[in-house]
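Student: I should like to work through a metal site with you. May we begin once the structure is displayed?

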Amino acid sequence: MTPLADKNACELLDADHIAVKHLFVEYARLAAVSPGAAGADRAAIAMRICDELTVHAQIEEEIFYPALQRAMPDAGDLLQEARAEHQQAKEMIARIQAMDAADAAMDALVAELNRAIEHHVKEERDELFPKARTAPGLDLDALGSQLRSRQQELQAESSAPA
Ligand SMILES: [Fe+2]
Ligand SMILES: [Fe+2]
């Protein structure tokens with residue numbers, strides 16, 4: 001396995017995709033096993049999903065998408081669609097964060113967010129990343145370290161006491 005510090009941009013972002021997928025699976029498992037129970041655990045997982053996706057979307061929007069835009073002028077439509085999907089996800093995330101208990105409404109919204117993220121991640125994996133890997137002049141290793149340091153900065157901010 002590639003150590004975290006050596007991941008290029010696509011590997012780093014895909015590691016995030018996999019990590020958040022595991023959280024969605026864990027949420028669904030708890031929701032299915034004991035509806036009405038394990039509410040605090042589910043709510044905690046839902047908040048982690050929201051935090052991780054927020055940081056992930058932000059580093060893509062600040063660093064990854066603009067770099068792709070510069071290196072691949074013909075990727076404009078794909079990137080515009082990706083940004084619109086981020087916007088939709090953020091609206092769902094805000095609704096989940098406003099809920100104070102893991103009930104059926106939260107279960108439904110987390111499942112909806114899971115489906116939306118699955119679709120978005122598939123497009124990044126199948127369309128954006130392959131283009132990025134062959135784009136002339138795009139240094140995915142350098143981008144990977146930029147993404148990682150910004151990610152660490154944002155994670156430190158979100159875990160700091162308010
Ligand atoms: Fe994205
Ligand atoms: Fe992504």
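Student: How are the donor residues of the iron ion (ligand 2) spaced in sequence?

Tutor: This is a predicted model, in which local features need pLDDT of at least 70, side-chain atom pairs count only at pLDDT 80 or more, and totals for chains, interfaces and linings use all residues. Residues are numbered from 1 along each chain as its sequence is written, chains are lettered from A and ligands numbered from 1 in the order in which they are written, and side-chain values use heavy atoms, with hydrogens and water left out. Donors are N, O and S atoms within 2.8 Å of the metal (3.2 Å for Na, K and Ca); water is not among the atoms, so sites may look incomplete. Here the protein donors are H17 (NE2), H56 (NE2), E60 (OE) and E124 (OE), at 2.0 to 2.2 Å from the ion, and their spacing is H-x38-H-x3-E-x63-E.

Student: Which residue coordinates both the iron ion (ligand 2) and the iron ion (ligand 1)?

Tutor: The two ions lie 3.3 Å apart. The residue that coordinates both is E60.

Student: Is H17 buried or exposed?

Tutor: Buried means under 20% relative accessible area, exposed over 50%, and partly exposed in between (1.4 Å probe, protein chains only). The relative accessible area of H17 is 5%, so H17 is buried.

Student: Is H56 buried or exposed?

Tutor: The cut-off for burial is under 20% relative accessible area. H56 has 7% relative accessibility and therefore counts as buried.
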